[in-house]
Each structure stands twice: as C-alpha cells, then as structure tokens.
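Hi,

Here is the structure I promised to send over. My notes follow just below it.

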Amino acid sequence: MIVVTGATGTIGRALIKELGGAARAVVRRAEQGPELGCDYVVGDLERPETIPLEPGDRLFLNSSLWPGFVRAHQAVIDRAAAVGVAQVVTVSVYGVTSGSLLGFGMHGQVDSHLKASGVPWSILAPVGYMQNLAGDIDEEGRIFGSYGSGGVGYIDAHDVAAVAAVLLTRPVGADTTYDLTGPAAPTHDEVAAELTRALGRTVRYVDLPVEEAAAHLEKRGMPAEVARDLAELMSQIGDGRWADTTTTVSDLLGRPPRSLREFLA
Ligand SMILES: NC(=O)c1ccc[n+]([C@@H]2O[C@H](COP(=O)([O-])OP(=O)(O)OC[C@H]3O[C@@H](n4cnc5c(N)ncnc54)[C@H](OP(=O)(O)O)[C@@H]3O)[C@@H](O)[C@H]2O)c1
C-alpha cells in the first residue's frame, strides 16, 4: 500500500491523481477524505501511531512546516523503520543542511534522520514552487525580495508529485536525493515579466538589500528574527545556488518539466 501524508496539500492531491487513486491518504479531519478519490484514514503526524503503516508499505511523508515539524517527522520515520516500511519518499528542499536557516534547517535535520534510519529512502529536493509566485504580488503589482539578479529554477509542484509517483510505483531503488528544478532559471525581473504577460497587468520585481527586506517583512507582521532570516535566505538563494537546472524531472518522467509560461497559462 502507498500511504500518502500531506494528502490535502498541493503535492499530495496531485500525487493521488498520478497514482489513479491507488493510495491510502492520511487526513487530519474526516470530512477532508471523501473528495480525495482514494481510501483514507484520519491521522496526524503529531501522533505517529495514527499513521497507518504496515510492513512493506511505501510511505510518502510530506507536510507544511510548523514548530513541531522536525520532532514529528523524525518520530514517523522511526515508526516506519520499526514497522518495516519498504520505502520512505519525502519532500525536502534543494541543497539544505541541518544548519540552514528557518524551515530549510528543519528539512536538513529530518533528512539526516531519515538517512540514518535504516529505511530505504528517496528525498525529493526541489527549489521554489511556481505556485508561490502569484501570491507574492502586492496590491500595487510589486514583488519584494533580496534575490538580486540570481536565477531560480522554479518548478511546478505538480512535477514534484509526478516524480514521487514514479518513485513510489517502480521497484524500490538505491537511496538517493533527487534535485528537482524546472527547465530554466529566470531572474526575478524575468519572473515579473512572465507574470505581467500572463496576468495582463504590470508586475515589477523590487530588489531590496537584506536589512530593508527584513524591515519590509517585519512591517507586514513577521517577527523580527524570522524576517531577518527570511531576507538572508533570499539573498543566499540570489547568490546563484538555485540557478542551476537539473535533468532529473525529464530523466524520471520522460518529458520535460513544465515551464513557467506553461504553468502560468
Ligand atoms: N513552497 C515552496 O516553494 C517549496 C519549495 C521546496 C520545498 N517545499 C516543501 O514542500 C512541502 C509542502 O508541500 P505542499 O506544497 O504540498 O504542502 P501544502 O499544500 O502546504 O499542504 C500541506 C499538507 O500538510 C498537511 N499537514 C500539516 N500539518 C500536518 C500534521 N501535523 N499532520 C498531518 N498532516 C499535516 C496539511 O493538512 P491539512 O489540510 O490538514 O492542513 C496538508 O495536507 C514542505 O515541506 C515545504 O518545505 C516547498
């Protein structure tokens, strides 16, 4: 059985479709289940014993981030190892380590735990999702950031789901981290131009030095320390570390990843 956590999320829903409903979804509230188009159980990653795992199952482990993310994901991995799960496929972020800032560091800690767990693993390591971009536009058509002119190989989260489906349905392979990107790595000026084209109204990228980006985020309600780290993360991304593109999506899917223009259309 393929057990899908984060089933109501962007990747989870797309994954269940890719699997043709041949999955067991874990949902936090019973009313979320019927619309998913597959078998489901009520469970919560905060309570690992509620995740329905049996020997030989294949587990898709994914959720959004919250303060208890590391502890919960590590506990579910321990349970998967104890039960004798055949494979854990999880979603992390491209290039992270335990020492990375904010959620990136959380992912790094979970990844290290998974690699040491003894369970066969596949870690999906995407860069940013195309799905985020439109939500970053403010009322005046601006996107603020401190990425500078560094490109980012934005990927459609549905391509991440398609990769997960392949890994969960073919024979379990060697433990591997899959670095996932879209087909190109536009700068944020280029992203704004694509958004302008797709939305039919002007979108402008406004680049700010880290201090100013942090102040901007703080003004919008973010705690000072988080705002500072987020601005710093954006400038780290802007140094070019997310500007490479990989062929992993096309290698696994036999088709290219969706471009930003296709996604926005
Ligand atoms: N956004 C990006 O650009 C980006 C880039 C790289 C990697 N990532 C990673 O991608 C992952 C998010 O994937 P996504 O976009 O598919 O997520 P999403 O759409 O935000 O959905 C999150 C899912 O997690 C579930 N969830 C949250 N807390 C849970 C808990 N305690 N127990 C069980 N389920 C829980 C939610 O369930 P409910 O419906 O009950 O809330 C929902 O199904 C994160 O790990 C993120 O760091 C994101």
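By class, how many nonpolar, polar and charged residues does the shell around the ligand have? There are 10 nonpolar, 12 polar and 3 charged residues in that shell, where Ala, Val, Leu, Ile, Met, Phe, Trp, Tyr, Cys and Pro count as nonpolar, Asp, Glu, Lys and Arg as charged, and the others, including Gly, as polar.

A word on the source: this is a predicted model, in which local features need pLDDT of at least 70 and side-chain atom pairs count only at pLDDT 80 or more, while totals for chains, interfaces and linings use all residues. Residues are numbered from 1 along each chain as its sequence is written, and side-chain values use heavy atoms, with hydrogens and water left out.

The ligand is surrounded by 25 residues (a heavy atom within 4 Å), and Thr-8, Thr-10, Arg-28, His-107 and Asn-132 are the closest. Polar contacts (N or O pairs within 3.5 Å) link ligand oxygen atoms to the side chains of Thr-8 at 2.4 Å, Arg-28 at 2.8 Å and Gln-32 at 3.1 Å. Of the 950 Å² of accessible area that the ligand has on its own, the protein covers 81% (Shrake-Rupley, 1.4 Å probe).

Now the helices (DSSP H or I runs of at least four residues). Helix 6 (residues 210-219) packs on helix 7 (residues 224-241) at about 135°, with axes 8 Å apart (lines fitted to C-alpha atoms, angles from 0 to 180 degrees). Helix 6 is therefore oblique to helix 7 (outside under 35, 65 to 115 and over 145 degrees).

Happy reading!

Note on methods. Polar contact = N/O pair within 3.5 Å; in protein donor to acceptor, adjacent residues only side chain to side chain. Helix = DSSP H or I, 4+ residues; strand = E, 2+ residues; numbered from the N terminus.
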